Amino acid sequence: MFQIGGLIVFCGLLTQTTALLEALPLGQALPLPLTPALDSSPTDLAGSLTSVLSNGLLSGGLLDSLTNLPLLDILKTEGGNSGNLIGGLLGRLTSVIPLLDNILDVQVTNPQLLELGLVQSPDGHRLYLTIPLGLVLNVKTPLVGSLLKLAVKLNITAEILAVRNEQGKIHLVLGDCTHSPGSLELSLLDGAGSLPIQNLVDSLTGVLTKVLPELVQHQVCPLVNSVLGNLDMTLVHDIVDKLIHGLTFVIKV
């Protein structure tokens, strides 16, 4: 009796399915049930942001900006924005090292953008982007060519905020943007170990410590602001929603 009842139910379902298929236009399939879209995981959202920002900085000419830093002009500057900190440096160096009697050429080579870092404020309403940079300073003289090479590492920290504009739209903007205190590292890669060269290294290090962070900052920060203004709106919307509600999406490793 149970088997006969089961057969009747099966035949009834088969008849309904056949009727539905016959009612469809030729070539049209039955609609599939919709699967709810899954929200991006916090890791995906933070990773997408850092990836987009990194690509934007590179495509925006960050490395070229570092290569073209006007270091030689700054070293030759008397007074100006740098005050008396670096004015007359070349004159003092040429009195110690006769090789530097005419031209001291400082070239920036091997500029690098290292892996970006991203942290979220304790209240969850803002982001802090760490931009680690690396480059090599090649100090040259007209007579002996490359005299010494200095490896430079420096971090720029950019604050990212969600703000509402006059039209009521909320978007991401750049807040404070500056070099990270104490992040500047200068190390000698290549150069003679004589006392005059060491004097040169010490003099350059002292000057660069004062002027290089701000110089790099002025190149990087406007570029970060430009990249933020051209982010994909879907990504911006997802991030803004998290920041407004103070929801954590940057996972500390």
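**Exercise 1. Work out whether the end-to-end distance of helix H7 (residues 233-244) agrees with the expected span.**

Solution.
Step 1. Take the expected span as 1.5 Å times one less than the number of residues.
Step 2. H7 has twelve residues, so the span should be 16 Å.
Step 3. The end C-alpha atoms of H7 are 16 Å apart, which agrees.

A word on the source: this is a predicted model, in which local features need pLDDT of at least 70, side-chain atom pairs count only at pLDDT 80 or more, and totals for chains, interfaces and linings use all residues. Residues are numbered from 1 along each chain as its sequence is written, and side-chain values use heavy atoms, with hydrogens and water left out. Helices (H or I, at least four residues) and strands (E, at least two) are DSSP runs, numbered from the N terminus.

**Exercise 2. Find which residues of H7 are buried, and where they sit around the axis.**

Solution.
Step 1. Fix the terms: buried means under 20% relative accessible area, exposed over 50%, and partly exposed in between (1.4 Å probe, protein chains only).
Step 2. List the buried residues of H7: Leu235, Val236, Ile239, Val240 and Leu243.
Step 3. These residues cover an arc of only 125° around the axis, so they lie on the same side of H7. The arc is that of the directions from the helix axis to the C-beta atoms.
Step 4. Recall the general rule: an α-helix has 3.6 residues a turn, so residues three or four places apart point the same way.
Step 5. Turn to the face away from the buried side: Thr234 and His237 are exposed there.

**Exercise 3. Describe what is found at the N-terminal end of H7 and what follows H7.**

Solution.
Step 1. At the N-terminal end, aspartate 232 acts as a cap. One of its side-chain oxygens lies 3.1 Å from the backbone nitrogen of threonine 234.
Step 2. After H7 comes glycine 246, with a positive phi near 65°.

**Exercise 4. Locate the disulfide and describe its link.**

Solution.
Step 1. Apply the cut-off: a disulfide is a pair of cysteine sulfur atoms within 2.5 Å.
Step 2. A search of the whole structure gives one disulfide. Its partners are cysteine 177 and cysteine 221, with S to S at 2.0 Å.
Step 3. Place the two ends. Cysteine 177 is in strand S5 (residues 170-179), and cysteine 221 is in helix H6 (residues 195-228). They are 44 residues apart, so the pair links distant parts of the chain.
Step 4. Read the angle: it is -85° about the S-S bond, and the link is left-handed.
Step 5. Check burial: cysteine 177 and cysteine 221 are both buried.

**Exercise 5. Describe the surroundings of valine 227 in helix H6.**

Solution.
Step 1. The relative accessible area of valine 227 is 10%, so this residue is buried.
Step 2. List its contacts (heavy atoms within 4.5 Å). Beyond four places in sequence, valine 227 meets Val52, Leu53, Gly56 and Leu57.
Step 3. Compare sequence with space: valine 227 and glycine 60 are 167 residues apart in sequence, and 7.9 Å apart C-alpha to C-alpha.

**Exercise 6. Identify the side-chain partners of glutamate 159 and serine 180.**

Solution.
Step 1. Define a polar contact: a pair of N or O atoms within 3.5 Å; within protein, one must be able to donate a hydrogen and the other to accept it, and residues adjacent in sequence count only if both atoms are side-chain atoms.
Step 2. Glutamate 159 is in strand S4 (residues 145-164). Its relative accessible area is 8%, so glutamate 159 is buried.
Step 3. The side chain of glutamate 159 makes a polar contact with that of arginine 126, at 2.7 Å.
Step 4. Serine 180 is in the loop between S5 and strand S6 (185-191). At 14% relative accessibility, serine 180 is buried too.
Step 5. The side chain of serine 180 makes a polar contact with that of threonine 157, at 2.5 Å.

**Exercise 7. Describe asparagine 110 by its place, its phi and its accessibility.**

Solution.
Step 1. Asparagine 110 is in strand S1 (residues 105-113).
Step 2. Its phi is positive, near 50°, although asparagine 110 is not glycine. Most residues other than glycine have a negative phi.
Step 3. With 45% relative accessibility, asparagine 110 is partly exposed.
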